[in-house]
Structures are given as structure tokens and as C-alpha cells.
Amino acid sequence: MSRKIEKAAVLGAGIMGMGIAAHLANCGIKTYLLDIVPKPTDEEKKKGLHEKRAFRNRFANSALKAALKNRKPIPAFYHDSFAHDIVCGNLEDDMEVLADCDWIVEVVVENLEIKRSLFEKVEKHAKKTAVISSNTSGLPIKDMVKGRSKDFRQRFLVTHFFNPVRFMRLLELVAGTETDPEIMDFMTEFGTNVLGKGMVLGNDTPNFVGNRIGVYGMMRCIKEMIEKDYTVEEVDAIVGQPLGRPKSAAFRTLDMVGLDTVVHIVDNCVENLTEDEEHDIFKAPDFIRTMMEKKQFGDKTKGGFYKKSKDAEGKKQILALDWKTGEYRPKEKVRFDSTGIARNTDDPLKRMSEFVKAEDRAGQFAWAVQADSMIYSGNRVGEIAADIMQIDNAMKWGYNWEAGPFEAWDAMGFAETCERMKADGKSLPPIAEAILAAGGEGFYQSKDGKRSFFDWKSKSYQPVPEDPKAIWLPVIKEQKGEIAGNTSATLIDLGDGVLGCEFHSKMNSVDDDIIAMLNQGLDLLEKDEQKIGMVIGNHGDNFCVGANVMLLLMNAKAGNWKEVEGAIKGFQDVCMRLKYSPKPVVAAPFGMTLGGGMEITMGADRVCAHADLFMGQVEIGMGLIPGGGGTKELLVRALEGLPDEARATGLNPCIQSVFQAIAMAKVTMSAHESLAAKFLRASDRIVTNKEHVLGTAKLMVQAMHLEGYTPPRQRRLHLPGETVYATLRMVIDSMCKQHQITEHEQHIAEKLAWVLCGGKTTPNFGVTEQYVLDIEREAFLSLLGTEKTQERISYFLMKGKPLRN
């Protein structure tokens, strides 16, 4: 398309406005952030401060400053330097900048008159080709654009982001009756390819798609809790992970989002959904109104359904609300037989399907709310969105459900679930009746690797649209089968001569099976002239959380040191094979890429990373140093580009940076931070859309092949040796004596320093990478053999956090 967005304006610098502006800057778009001018105090007027730009831009400036300072739960920016692409201003002095903007998005308070007044000003200043949108969570488009010109109305739509903007994938687009279809097509493509969002096209109905279904589900849970006398903790134990929902479940999610926000949404439903068959369920019960009066909104007011506190002994504790009395009490542990079974089922669809069939109180609750939520969703097809895919995707991308309501229905057995609903006296939604009448097998069906969905409008199955930039490994395996596989990894033919190595161990942790499959893939590349390269990736929640240290610990405690060293040596060797393979290897990391996952990534020739990449060598928390080549490879990367004499002069700052990265277990909060830390290289690619990572990685392999790929040359490393190591030991010893680190941490730090300094070498003698790997492995094994490290590993595996001993 000829249309481009190079500059944008965000009107409103609240939490959502700042988040949108930050993400636009993340994506390389210069953005103006404008907010209202503060009301000056008498003292500020007296001093003339109210006329200064700093005062008049205060709200936007403060929002930007807060966004840079607050890095929890996730930084708004991929890298702090990206904040330079935001220009702060105000809605009185700076409206003329709109004439230079390709997209103007309104994010002010949910007040119709305020929005209308602002849009009147926008129309006066915006250029005639600009896309104009609102981030409203439910106000009707026809009301917002009342009084605006036809040209304005044709360029207007709703762009509804979810918070936090950077991290939440869902972006709902809603057209008005006069919105130009070209604008919708362009914004869909822009949102997908530039912003990296999952695009859902909704209809102009109250609360659109995600919030309409999501809030119904929450209110249905509250209704069941009241009628059947469940506690807040019991509900959250049921409707979280056992049902394929986030761990925050219902009430913890409400605390995170803010009860005031949710009540605003349900009140909007009550007011505007007068014909909805479930209208009354949106009416907030009395105890919710009482919480609103007490401002028990959740995290933002330090208390909602849950509250942090301290007991009589000063120990931290979590309190839970007793909804019947309105008082807080210590949070109770909840145990149901069915939730215990669910915890042991890894497949989320299988887990949910089995859970709703359980006959205990948890299973009964789960079935009641799940069945009604699926029926309610079915009744909304055609009303809130054109098809079932929009609803399913909205719930997966906006509420982090493992499966949307229609995917869940199919997973539970479409026909079987319909029969159970009817046996319970429930009425099936018209779309379900139509599928049964057509003899369909469910809402979706798959044939020869091609997925289709039941289209309500045509009453027939239609192909699920395919993203040409995406690769779906299950589809490829269904179409072509597997080249080879074991319990932890699979080799796949990605087409065009490119191999794929998919991890699927628990949490994608590295074990012997993954190493074996990587080696098998590399063997195939060397033997088969038709194979041009390999991509390493998967569709898990995270690329790889590290090595399987449980197996290492068990062998170490059993004294099987030959097996332990063999495993570590095998891991080092495969990473070196990846690096120096005669054909290109591209890793496609995303999410948590820690420890061994980072070592595999650094072993690849190039990387195609998702922007939300959390990367680091975190072995220090378990009393170890990186042992699969991570210590060596970080050292190699830190010294790249330096002449030999600079590398070996004294305590090189590059060596210090590697020491700090490993010793402090530094984890980057984005791929861009990883690049700045030299965890990634300038030749690596970063994409914002997670679904495009594998497809782009494949294209990178093909490009490297066409360019005439040659593997990198091995270079010798000139390391400072024992003299600088002695200096580092003095610093580490001083830290221990000042009680900054424990004696065991001193021991770990000295082992790390020994490896980074090159052991028994001198600056004039260049050592090979294999030499550094050998002393890295020796240090790793010696640390693993200590009682303190084994204690740390056991604690970490049990508690999920490091132990200081």
C-alpha cells in the first residue's frame, strides 16, 4: 500500500496513552505525546510558572519520566534510548504538530463530550490523509464522530489496545458505518507487520469483543460463587490454569486490572445491552459496590480481593477478602482432587477437557461457568464479530487463554459437549445447532494440514486465513511428517531445503535428547547436498529456560561424574558445531531464553529474535557458571573488534562487563537490550510479531545460502592470564570481607574470574576457543561437586528462586 505511518500523535498521556506512545517509538515511529495543561496554583501563577513550557507540558513529561523509571511488570520501551523518539507537548500549544502526523490516536478520559470536543480540534489541524482513531473501550463510534465531516468519518476507527501495550498482543480494530475499507485494510496490515499485534476485527458494540466475553466470564464466576457458596481462593484455584486460563485466574486478574475499570465496563453493559439474554448477570452485586465505596480497587489501591500484609510476628502474608463479611482474613490453601490431577497434565486442552468432567466441587463449578461462557460466546457470533476466529483470538491474545471458547468446545468434544449442555437444560447457540444440522465435526476442522472454520454467514466451512510470513510447525508436521524425533525434539522439513529443529521438552529445557537431535540435524546438513541450512525454534511459551539441571544434580549426587562431564562436553560440542557448521544455522528465540537456551542461541550463525526476548546467563543463582559454552562465547563477543594488544591489556573493561553479566545474572528485558549487551549481534534480526519469527528465520537461512555462505573462522583469544586474575581475586576477597557476598559466592566468583582471564596463560600467547571451553567445563564440574552448590540447585528446583548460602 502507498500509505505509510512515519509520524504519529497520541492525545492523552495516561497509562494507556503513554503505553501506546512508547510502543510506537519501539517500532521506530516518531511520536508526539500531548496532554492537557495543568491547572496552576496561585503560587505558580504568581511566579509565572504557568507560562513556561515545562509547566504546560508537565503531564506528558511526567508520564514519559515515569515510563522510563517503572520497569515492572515489564518496561514500556524495548530500550530506554527509544524514548528519544517521543516529543512531549500539550493540547493547547501543540495541536499544529498534527498536520505532520500520519496517525492520530485519542486516549483521553472515557467521556463522550470531552472526546467530541477534542475531535473538533483534531479535524481543524490534522492533515487530510491522516488516520484518526480512538482507544475507547466501548463508546459508540457514531456518537464520537457526531458533527464531524464525512472525510473525517471515513478516516476514523477504533484502535483498542490492551494494557500493558507492549506486551499484550491483542489490538481490536472497529470500523464505523462510514469508515473507508482501505483504512481498515491498511491498519490491519500495519498492526500485524509493524506493531506486531494480533488483529481482531470487531463490530461497534458495547465493549467490543475481548472485554464483552471476558467480563461476562468474570461476572458468571461471581454469580456461581455467590449461589453455590465458594470462596475467592476456591474460585481462583478452579478458573486459572486447570481451565487453560492464566494463573491469575479471576480475582487476582481483577486486582491487576483494577476493580474500578471492570465495574465501568459492566455498568456500560447494563446500560447498553438491554436486549442481551444475560443482561442481569452484568449487574455488580452488593459486595462489589461496597468494595467500590471503600476504594478496594486492587493493586492500585494496595488492596482488592487480595491484600499484602504482615502477621503478628512481622512476616509477610497474603490476605483474601471474605465476600460475605467484607473483611480480610489470611489466604487459605485450596485443595481439590481434580485440580491436583490437572496440575499433572501438561497439555492445556487435555487438562481442561478432563477437568470439566470431574465430579467434585471444582469440576462442577468449572463446567457451570465454562458451559455458559461458551454458549454466551456462541450467541455473540455475528453480533460482536463476524466469525468465531475473531472471538477465539481476542480471548487468547487479550486475556491469555490457552484456547478461545470455540477451540475449547472442540477440545472437550463438540458433539459430546452439545449433548451434555442439552441434558442440563441449556439451549445451544444457533451456530452450534447449524453445525449439528450440517453434520459438521466441530467449529473447526482440519484436512491435509489445512484448517477451516465454520462460517456463520455462509453456514459452511471456510479456510482459516494464513499469514504468509508465519510458519506453523504442527501444520508442516501434519502435511509432511517428521524427519526424526524423540521425546524432547523433532527434525522437520520446513521446505526449500531448510531443516527445522523444534524443542518440546518440559519448558523446552535442554537435555540429552535435544543435543542428540541438534547433532542429527547437523549431520544431515553435512551429508545431504539438498539441505541448505537449519532453523532452531518452537511454538512454546518460551524458547528455552535452560538446561535440565535436575538430571545433572542426580548424577552428581550419585557420583556419576563421567556421565556428567560427558553431558557437559556434549553440550559444548554441539554449540561449537552450530557455530562452525558448513551450512548456516539460525536460532529463533523469544520469551525466556536463559542459560542453555542462550548458549544454543549464541551458537547459531545468526539470530531472528522476537522483540520480547528475556535473555541471560542465570546459572550463578544455582551456584554454577555457564558450562555449555556460554562463558566462552560471551568472552568472544566482548572482545570482537579489538586488536590483540587491547584485548590483553590489564583488566580489560570488556572482560569486566562479561564478569558482571554472569556474576549478576543479568537478564535483558528485550531483544534490543540483548543487542546492546552483546548477547546478540548487529547482523541479527529483531521482529515485533512473534508469529513471524520462524518464517523470517527461514528466509535468513535462504538468503545466507544464496549469498554463498562460508562459516566463520576460528580466532585465538589473547587473555590477560594469572596476573589480572590475582587482581580480580583481591577485589572479590574484599567484597566477601565487607559482607557484600558470601564465602560460597566468593568461591563461585573466583572460578568465573579464572575462566575469563584464561587460566594459566599470558597475554602474548593466544588460546583457542576449545582451551577456554575446557577450563570452563572444569570450573563448572568443580562447582557442581560442592555441597553448597548442590544445596542451591535443590532449593532452586523446589522454590523457583535462588538461595544465598
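Good morning, everyone. When I say helix or strand today, I mean a DSSP run, with helices (H or I) of at least four residues and strands (E) of at least two, numbered from the N terminus. Please keep in mind that we are looking at a predicted model.

Let's use those labels straight away. Proline 73 sits in the loop between helix H4 (58-69) and S3. The peptide bond that leads into proline 73 from lysine 72 is cis, with omega near -5 degrees. There is also a cis bond between asparagine 163 and proline 164, where omega is about -5 degrees. Proline 164 belongs to the loop between S6 and S7. Hold on to that loop, please, as we come back to it with the salt bridges.

While we are on the backbone, which residues have a positive phi although they are not glycine? Asparagine 207 has one, about 65 degrees, and histidine 739 has one of about 65 degrees too. Asparagine 207 is in the loop between strand S8 (198-202) and helix H9 (210-228). Histidine 739 is in the loop between helix H31 (722-737) and helix H32 (743-756). Are they buried or exposed? With a relative accessible area of 1%, asparagine 207 is under the 20% limit and therefore buried. Histidine 739 comes out at 71%, over the 50% limit, so it counts as exposed.

Now to the interior. How many residues are in the largest nonpolar core? It has 82, and the ones with the most contacts inside it are Val239, Phe251, Phe282, Phe305 and Phe443. Helix H16 (residues 361-380) is the top contributor to this core, giving nine residues. Let's zoom in on phenylalanine 251. Setting aside neighbours within four places in sequence, it touches Ile222, Met225, Val232, Val235, Asp236, Phe305 and Tyr306. Apart from that core there is another, of 80 residues, including Cys654, Ile732, Leu752 and Ile793.

On to the charges. The structure has 63 salt bridges, and I have picked three of them to show you.

Here is the pair I promised. Aspartate 612 and arginine 166 meet through their side chains in a salt bridge, 2.7 Å from N to O. Arginine 166 is in the loop between strand S6 (156-161) and strand S7 (170-175), while aspartate 612 is in the loop between strand S21 (606-610) and strand S22 (613-616), so many places along the chain that the two are 446 residues apart. Both ends are buried: aspartate 612 at 7% relative accessibility, and arginine 166 at 5%.

The next one joins arginine 577 and aspartate 523, whose closest N and O atoms are 2.9 Å apart. Arginine 577 is in helix H24 (residues 561-580) and aspartate 523 in helix H22 (residues 512-527), so this bridge ties together parts 54 residues apart in sequence. At 25% for arginine 577 and 29% for aspartate 523, each partner counts as partly exposed. There is also a network, in which salt bridges with shared partners join Lys579, Lys632, Glu633, Arg637, Glu640, Arg681 and Glu769.

The third bridge is between aspartate 93 and arginine 53, with 3.4 Å between the closest N and O atoms. Aspartate 93 is in the loop between strand S3 (86-90) and strand S4 (103-106), and arginine 53 is in helix H3 (residues 53-56), 40 residues away in the chain. Aspartate 93, at 26%, is partly exposed, and so is arginine 53, at 39%.

Last topic, the rings. There are 22 aromatic pairs. In one of them, phenylalanine 287 and tryptophan 323 have ring centres 5.8 Å apart and planes at 45 degrees, so we call the pair tilted. Phenylalanine 287 is in helix H13 (residues 286-293), and tryptophan 323 is in the loop between strand S10 (316-322) and strand S11 (327-330), 36 residues apart. Phenylalanine 287 is buried at 12%, as is tryptophan 323 at 13%. Elsewhere, Trp103, Phe161, Phe186 and Phe190 form one aromatic cluster.

Rings also meet charges here. Arginine 380 has its charged end over the ring of tyrosine 376, 4.4 Å from the centre. Lysine 459 lies over the face of tryptophan 456, 3.9 Å from the ring centre.

That's my tour. Thanks for listening!

Conventions: Residues are numbered from 1 along each chain as its sequence is written. This is a predicted model: local features need pLDDT of at least 70, side-chain atom pairs count only at pLDDT 80 or more; totals for chains, interfaces and linings use all residues. Side-chain values use heavy atoms; hydrogens and water are left out. A nonpolar core is a set of buried Ala, Val, Leu, Ile, Met, Phe, Trp, Tyr and Cys residues joined through side-chain atoms within 4.5 Å. Buried means under 20% relative accessible area, exposed over 50%, partly exposed in between (1.4 Å probe, protein chains only). Contact means heavy atoms within 4.5 Å. A salt bridge is a side-chain nitrogen of Lys or Arg within 4 Å of a carboxyl oxygen of Asp or Glu. Rings of Phe, Tyr and Trp (its six-membered ring) pair if their centres lie within 6.5 Å; planes under 30 degrees apart count as stacked, over 60 as edge-to-face and the rest as tilted. A charge sits over a ring if NZ of Lys or CZ of Arg is within 6 Å of the ring centre and within 35 degrees of the ring normal.
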